[in-house]
Every structure is written in structure tokens, then in C-alpha cells.
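User: I have a model open and want to learn how to read it. Where do we begin?

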Amino acid sequence: MRRLETDPWQPATPVQTRTHPEPMPTPAALRRKILLVDDSATIHMWIRMILNRSDYDVVSARDGHEGVELALAEAPDLILMDVMMPRIGGFEACRRLRGHARTRTTPILMVTTRAEARNVEFGYLNGCSDYITKPIDGLELLAKVRSFLGE
Amino acid sequence: MKRSPSIAGPAGGADPPGAVRDRLDRCQAELVRVRRSLEAAEAAAGRLAAEHAVLDERCTVLTRLFVAASALQEAGDEPSALRALGEVMVNLAGAREFGVFEGEEGAELELVHSAGIDAQSHARLRPAGEAARALETGESWRADSPHPGFPGGEPVACIPLRVGASVTGVIVVWSFLPQKLAFGAFDLELFALLVNRAGPALRAARLLEACT
């Protein structure tokens, strides 16, 4: 009897399952919440459009002081924080958030034009988790957000 | 003839060796057909993924342009309009050192907004080189790359501000953020948007401020 070299019931190459690029809308209760702290209206509009498209809830604060208060009240899953802001800057806000049990482990991504090594180091010393530099690349932002949210 | 018990035919009897071979051949042919279909489906999936990437990139560009246009349009007074223009230049274009100059045609231009430069020493601009050309032609200009290594003081991009048929000013960029490594399709479209929208947005904001 002639034997088949390959099993006819198995595909020639493994079938690759593809996830749909735009997942179905998530119920509001299950959406991850992201706090955006920035004094720039342009950044708010741009980041909101990126994150809302990917089904995240975005809460906004216009400066570091408001950002700390909102973070403690809303307990977001992740915080995007500008560096240069009125009242309290991003590094100081980050340091204060690390002092509260509720936000001690919340990922904080600094959004900044400053990517020089000393600023990065200073940010990490104050408890930030990572950096995103301006001009913001939408795909890079989404990739970092998803990575820190464990998605 | 002795029949093999393992090769049972449809009627319970054994198929002759020729019939078994026919069935195997048919299975082989079916396997080849299915594999071809799978390959075609995988190729189509690859094409769709590539198309999706292109559309996603285009969508991102359009979203950023929408943000820039909205930011300029929403300003209700001159300071807000200049702040919005500055934010667009930093946050979307990635400019680090730039000045927005306005003035009458043929005269020295006055600095109305800036970032990263000494405002006093750049308070007035006597158009020359690429800035003068941008004012004359109404077309934006940029160097080959955001960091062309020009001598200090040489602009790397000039974006004229058009209002109708006249040019009312120019945005001169002396440097971009170090992480901006190249000009992309978005930059060209953003510069074109600024050429046509920034001037009218500033004028509209001033008129609105004067009226209210």
C-alpha cells in the first residue's frame, strides 16, 4: 500500500489565527481607564483620539496638582504625564503619586520633549515607569500603553 | 483470490488494489487543491494586512491634521491662537526652536510668538534666503532632513502664512527635536495646512477678540 508522506487532514503550514485589528467595543465597565495630565489642548485632543479609538476611557487633568487629585479619586489603570506643567510639574506629581498606596504601582508614562539622559534618569528616580517623546507617534504610544497594561 | 480484511469496500467486501490506489490519488489531488486554497487565503490575508497598515497610517496622518486644524480654529483670541499655533509646531511638527513673524509686505517682520529662541534678539526679521523666498512664493520650504547640519542661525524650514492672495508672515524653524529623525508625509501635509490655515486663524482670532 502506498503511504502518504503527509497527513492529508493537517494543513501544509500551521493555520495562523489573526486577531481583528479593531476589536469589538468593550463594555464601559470593562474599559481600562487612562489619566492624561497635560496643559496642552493639542496633546489632549491628539491622545484622546488615539486612545478612544482603541476603546480606552480617558480622564483629563490640566496640571500636576489636578493630576494627583484625579489619580487618587479615579484610580486609573495608567497615567500619561507631561513634564513641564503649571503649579506642579510632572516629576513632582510623579513623586507624590508614588507616596500614596493607591497609586504606588500605577504605571506612569512621561510625555515629554525632553529625552536627554539626565531627564530620563531624574524621571525614573521620581518613580516614572517609562517615557514617550514628542512629537507623539500614535503606534508607539499604543504599544507602550498596551504593554504596561499587560494586553 | 484471498482478500485483505483491512481494505473494506462500500458493500463490506474488500476493494481491489486498483480501487484503493484511485481513492488515494483522489485524496492526494484534494490535498493539493486544499493547500493551494490555503496559500491563496494566506496571500490574501497578507495583502489585507498590508492595506490595513497603509490605511492605519493614513488615518493617523488625517487625525493629526484634524487636531492641528481644530486647535487653530478653536482659538477665540490672539493669545489663544498663537498658543495653539505654538503647540502644533512643538507637539505635532516636533519643532524645537522657531519663531512666528508677521508684518507688512516688503518691511521687516515682527516676532509674535516663539519657542526655544531668545525673543529679544529675534524681535525683528529682515527676510533673506529661504525665508524671503517663502514670503515671495507663498510656498513652504524645508531642508532635506530635520538635522541637516547647517551652520548656526540658518533655518531648516520656512512656512509662509497666507491669507487669501497675500502672504502675511512666516514661521521660521531653526531646529527640530533631536528625536525627529526625518520628514514624513505628515510633515508635508502639516506644512501645507499651516500655509493656508494659520494666517486666517490668527486673523479670525484677532477679529473675534476685537468684536467681543
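Analyst: With contacts. Two residues count as touching if their C-beta atoms, placed from the backbone, lie within 7 Å. Keep in mind that this is a predicted model.

User: How many residues does each chain bring to the contact between chain A and chain B?

Analyst: Chain A brings 20 residues and chain B brings 26 residues. On the side of chain A that touches chain B, helix α1 (residues 41-53) gives the most, with six residues. By type, that side of chain A has 12 nonpolar, five polar and three charged residues.

User: Next, the sheet. How do strands pair in general?

Analyst: Strands of a sheet pair through backbone hydrogen bonds, either parallel or antiparallel. Here, five strands of chain A form an open sheet with parallel pairing. Their order is β2-β1-β3-β4-β5.

User: Which strands are the edge strands in chain A?

Analyst: They are β2 (57-61) and β5 (130-133) of chain A. Each pairs on one side only. Across this sheet, neighbouring strands are turned by 25° against each other on average, direction ignored.

User: How many bridges join strand β1 to strand β3 of chain A?

Analyst: Four bridges link β1 (residues 33-37) to β3 (residues 78-82) in chain A, and the two run parallel. To find the pairing on screen, look at A:L35, which stands opposite A:I79 in β3(A).

User: Which strands does helix α3 of chain A touch?

Analyst: Helix α3 (residues 90-98) of chain A packs on the sheet and touches β1, β3 and β4 (108-112) of chain A. Its direction makes about 150° with that of β3(A). Helix α5 (residues 138-148) of chain A lies across β1, β3, β4 and β5 of chain A. Helix α5 runs at about 165° to β5(A).

Technical notes
Residues are numbered from 1 along each chain as its sequence is written. Chains are lettered from A and ligands numbered from 1 in the order in which they are written. This is a predicted model: local features need pLDDT of at least 70, side-chain atom pairs count only at pLDDT 80 or more; totals for chains, interfaces and linings use all residues. Ala, Val, Leu, Ile, Met, Phe, Trp, Tyr, Cys and Pro count as nonpolar, Asp, Glu, Lys and Arg as charged, and the others, Gly among them, as polar. Two strands pair if DSSP finds at least two bridges between them. Axes are lines fitted to C-alpha atoms, for helices over the stretch in contact, and angles run from 0 to 180 degrees between N-to-C directions.
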